[in-house]
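Reader: I have a new structure open at my bench and would like to talk it through with you. Could we start with the cysteines and then move on to charges, rings and the core?

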Amino acid sequence: MTGRTRGRPTGNGAGRRAGRAPLVVVGDALLDRDLSGSADRLAPDAPVPVVAECAERVRPGGAALAAYLAARDGREVTLVTGLGDDPAGRALRELLEPWLTLVPLPLTGTLPEKTRVLAQDRPVVRLDRGGGRASAATDEARAVLRSARAVLVSDYGRGAADVLRDELAARPPLVWDPHPRGGPPVPGTRLVTPAEKEAHGFAPRGGHPGGGLRAAAHHAAALVRDWRVAAVTVTLGSRGALLSYGEHPLLVPAPAAHHGDSCGAGDRFAATAAGLLADGALVGEAVEGAVGAATAFVAAGGAGALPPAGDGPRDAAPPDTDDPHALAARIRAQHGTVVAAGGCFDLLHAGHVGLLQAARRLGDCLVVCVNSDASVQRRKGEGRPVNPLADRVRVLRALACVDAVAVFDEDTPERLLGDLRPDVWVKGGDYAGADLPEAALLQEWGGQAVLLPYLDGRSSTALMERAAEGVR
């Protein structure tokens, strides 16, 4: 099947937001499938887990995921990719057509499929099938590239970038996301985005021995020179990304460390960076934005937690991954445990951190409910809070154990808890022996209020008294 497939109209401008530049994605599409269930026993004939009650979710993969994510950002997206008329190819078309414009390249073989089997949301095994490759360029694909304002190459080593290499070399793309099976980016590419392990494999003569930041910096600088590109950013997972123009690198740290499902994080990074560059951002700004987007993507559950693609764009904007109510709803939908903890958190100290770390271990996400400035002042008196709400929220969000922060203006968080409906509500041990006013509320939906001990001798008031004594 050849020829352009256009997506359906997107209603009230939901599919394309003002000021966002259109993007052409060139690369190799996959069909990804998750079979997710539970495992509580081993098979009688072999020591392997039995995954029962599997639910199936199908989504775009590879370059198709990068294009789909860019479209969900509100961009007009065209995907140039190898695509045939096999069942997997037809399923992928159905997922993508509501969102973007497809320009198919001839495909030899069937569309590659990757199936993950998960138990309790953890991968058990992956099954791959289909070895199709893009076999030739088309006049339509060449015309699309010649007229494109911004191009992202998502090269999974299955031919799409190879058959269009001459066109890409004539007008180098903004971003090239490489794969070990693919070829090098064309000279003049503005930003190349290998992962840490990929950068080591791509680096000339085997690269710098060992690992860590020093090795990543060495590899990035060598690849800038070897590939003759403007910049290379090595993605470092929860550590962020390292950006090099060939000399002293810039480390862009992740805003928070999340250890969720990272499937698709590289595509989220590349799609965000390409979109920001298309909108006129500097390379450093694009990398910083991409690190933030990839971090939020992992925190929200990765590619496996994306809404179904086939329903098409909505008039509303995509949900904010930092929204505590959306997070709680998603965790409940996955039969997980929502934990909430509350307090003023004015001067964050070791007692707070220990409490929040312990609270996070009780479930699958932690929402911190923090008093507004007015609420703190009513509770603590004049001169409090020492740190304004924006600063307190920023510090809390920077903790790896905190998944989201919610603010309440009342003296107690009952109304907020009624909206969040957590399974577990945590308070510090300094409430021991006193009634917890939230305990009865939690019982209304089957939740449980618990006390966790503070580290001895740590409190914001004690810190302030010692600081004042030191000044005197």
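Author: Gladly! A disulfide is counted where two cysteine sulfur atoms lie within 2.5 Å. Please keep in mind that this is a predicted model.

Reader: How many disulfides does the structure hold?

Author: A disulfide is a covalent bond between the sulfur atoms of two cysteines. Here a pair of sulfur atoms would have to lie within 2.5 Å to be counted. By that cut-off, the number of disulfides is zero.

Reader: Is Cys369 buried or exposed?

Author: The cut-off for buried is under 20% relative accessible area. Cys401, with a relative accessible area of 11%, is buried by that cut-off. Cys369 has 0% relative accessibility, so Cys369 counts as buried.

Reader: On to charges. How many residues apart in sequence are the parts that Glu56 and Arg33 tie together?

Author: Side chains of opposite charge can pair when their charged atoms come close. The closest N and O atoms of Glu56 and Arg33 are 2.9 Å apart, and the two form a salt bridge. Because Glu56 lies in strand 3 (residues 52-62) and Arg33 in strand 2, the parts tied together are 23 residues apart.

Reader: Which of these labels fits Arg33, buried or exposed?

Author: Its partner Glu56 counts as exposed, at 51% relative accessibility. Arg33 has 15% relative accessibility, and the cut-off for buried is under 20%. Arg33 therefore counts as buried.

Reader: Which residues are joined with Arg33 into one network?

Author: Arg33 also meets Glu113 in a salt bridge, at 3.1 Å from N to O. Arg33 lies in strand 2 and Glu113 in strand 7 (residues 113-119), so this pair ties together parts 80 residues apart in sequence. Salt bridges that share partners join Arg33 into one network with Glu56, Glu113 and Arg129.

Reader: What is the nearest side chain of opposite charge to Arg330?

Author: Arg330 sits in helix 10 (residues 324-333). Leaving aside residues up to four places away in sequence, Arg330 touches Ala299, Ala300, Gly301 and Ala305. Arg330 is buried yet has no salt bridge; at 6.9 Å, the nearest side chain of opposite charge is Asp403.

Reader: Now the rings. How is the aromatic pair of Tyr68 and Trp99 classed?

Author: The count of aromatic pairs comes to two. In the pair of Tyr68 and Trp99, the centres are 5.3 Å apart and the planes meet at 85°. Planes over 60 degrees apart count as edge-to-face, so the class of this pair is edge-to-face.

Reader: How many residues apart are Tyr68 and Trp99?

Author: Tyr68 and Trp99 are both buried. Tyr68 belongs to helix 1 (residues 63-72), while Trp99 is in the loop between helix 2 (87-96) and strand 5 (101-105). The pair links distant parts of the chain, and the separation is 31 residues.

Reader: Which element gives the most to the largest nonpolar core?

Author: The largest nonpolar core has 52 residues, and Leu79, Val175, Leu191 and Val287 touch the most other members. Elements that each supply at least two residues include strand 1 (23-27), strand 4 (77-82) and helix 9 (283-299). With nine residues, the element that gives the most is helix 1.

Reader: How many residues does the second, separate core have?

Author: In soluble globular proteins, nonpolar side chains tend to be buried together. Among the members of the second, separate core are Val80, Ala134, Ala160 and Trp227. The number of residues in this second core is 33.

How values were computed. Residues are numbered from 1 along each chain as its sequence is written. This is a predicted model: local features need pLDDT of at least 70, side-chain atom pairs count only at pLDDT 80 or more; totals for chains, interfaces and linings use all residues. Side-chain values use heavy atoms; hydrogens and water are left out. Rings of Phe, Tyr and Trp (its six-membered ring) pair if their centres lie within 6.5 Å; planes under 30 degrees apart count as stacked, over 60 as edge-to-face and the rest as tilted. Helices (H or I, at least four residues) and strands (E, at least two) are DSSP runs, numbered from the N terminus. Buried means under 20% relative accessible area, exposed over 50%, partly exposed in between (1.4 Å probe, protein chains only). A nonpolar core is a set of buried Ala, Val, Leu, Ile, Met, Phe, Trp, Tyr and Cys residues joined through side-chain atoms within 4.5 Å. Lys and Arg count as positive and Asp and Glu as negative; His and the chain ends are not counted. A salt bridge is a side-chain nitrogen of Lys or Arg within 4 Å of a carboxyl oxygen of Asp or Glu. Contact means heavy atoms within 4.5 Å.
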